[in-house]
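This report covers strand pairing, aromatic contacts and one helix in a single model. The sequence and the structure come first.

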Amino acid sequence: MKGRQNPFVAREGLPFLLVTLIALGLTWQFAGSIAALPLAVLTAWLVLVFRDPHRSIPASPLGVVSPVDGRVESTGVSDCGVVDGEVHTIRIRVDSFGTYTARAPVEGKIMDLQCDLDKDGPAPEQRGLWLRTDENSDVLLQFSGYRFGLSPRAFRGFGERVGQGQRCAYLRLTRHAEIQLPLASRIEVEVGQRVRAGETLLGQLPH
């Protein structure tokens, strides 16, 4: 997303939209509006799927914002955290027609799970996006339930800093997102609550 701070459509979807628009224009010109109607519907659907609108990030330095649009499925405490042993977990059912781009829950540095955890660490399928704040709080974002075998793809690399609510990965129609927070954090959402990427506060990190 570098170079465009607030695109309406995620860059990953632009090639699909470009091809569809060209096909729509050619069909409209040579076969008429009736024949072009299915392509017009497809174009509208692609815009809906790949949409990536601007969001207003709340002014809460220690706040944890939702990385996705969706609904909270569960909250609780787990003793099987990827980075820390015991953590708060928030599981979100991702809205199929929510934003296509995931956002960073907190401001911090992207850590490398592969290199920074020892060999007895989590299995590869448990890997995720690990963020460490300036206060040394560890927040982990994981995804599961991939459609068409396409897993989310981060476009921010290890060692980079990301801002709270900043775009960080393409969701690719993933079904579930889970956020792990330090045990001393405060959870501010309830099961069944709808959340918006980059705007809804899920919780507060410890001071």
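Ala154 stands opposite Ala169, a residue of β10. The model is a predicted one. Strands β8 and β10 pair in the antiparallel sense, over two bridges. On strand β4 (residues 101–103), Ala102 also has Ala169 of β10 opposite, and three bridges join β4 to β10, again antiparallel.

The pairings described here are listed below.

| Strands | Sense | Bridges | Residues facing each other |
|---|---|---|---|
| β8 and β10 | antiparallel | two | Ala154 and Ala169 |
| β4 and β10 | antiparallel | three | Ala102 and Ala169 |
| β2 and β13 | antiparallel | two | Arg71 and Arg194 |

The last row belongs to an open sheet of eight strands, whose order is β9-β5-β6-β7-β11-β3-β2-β13 with antiparallel pairing. Strands β9 (161–162) and β13 (194–195) are at the edges; each has a single partner strand, so one side of each has no neighbour in the sheet. For β13, two bridges connect to β2 (residues 70–78), and Arg71 has Arg194 in β13 as its bridge partner. In a regular strand, side chains alternate between the two faces of the sheet.

Strand β10 also takes part in an aromatic contact. The count of aromatic pairs comes to four. In one of them, the ring centres of Phe155 and Tyr170 are 4.8 Å apart and the planes are at 50°, so the pair is tilted. This pair links distant parts of the chain: Phe155 is in the loop between β8 (153–154) and β9, while Tyr170 is in strand β10 (residues 167–170), 15 residues apart. Are these two residues buried or exposed? Both Phe155 and Tyr170 are buried. Ring pairs further link Phe155 and Tyr170 with Phe16, Phe50 and Tyr100 into a cluster.

Helix α1 spans residues 14–31 and includes Gly25. Phe30 lies in helix α1 too. With a relative accessible area of 66%, Phe30 is exposed, because the cut-off for exposed is over 50%. Gly25, at 36% relative accessibility, counts as partly exposed. The C-alpha atoms of Gly25 and Ala36 are separated by 8.0 Å, and the two residues are 11 residues apart along the chain.

Which residues make the nonpolar surface patch? Leu18, Ile22, Leu26 and Phe30 make this patch, with an area of about 450 Å². Phe30 thus contributes to the patch and is itself exposed.

Notes. Residues are numbered from 1 along each chain as its sequence is written. This is a predicted model: local features need pLDDT of at least 70, side-chain atom pairs count only at pLDDT 80 or more; totals for chains, interfaces and linings use all residues. Side-chain values use heavy atoms; hydrogens and water are left out. Helices (H or I, at least four residues) and strands (E, at least two) are DSSP runs, numbered from the N terminus. Buried means under 20% relative accessible area, exposed over 50%, partly exposed in between (1.4 Å probe, protein chains only). Two strands pair if DSSP finds at least two bridges between them. Patches are made of residues with over 30% relative accessible area and no salt bridge: like charges are joined within 9 Å, nonpolar side chains (Val, Leu, Ile, Met, Phe, Trp, Tyr) within 5 Å. Accessible areas come from the Shrake-Rupley method with a 1.4 Å probe; for residues, only the protein chains shown count as cover. A salt bridge is a side-chain nitrogen of Lys or Arg within 4 Å of a carboxyl oxygen of Asp or Glu. Rings of Phe, Tyr and Trp (its six-membered ring) pair if their centres lie within 6.5 Å; planes under 30 degrees apart count as stacked, over 60 as edge-to-face and the rest as tilted.
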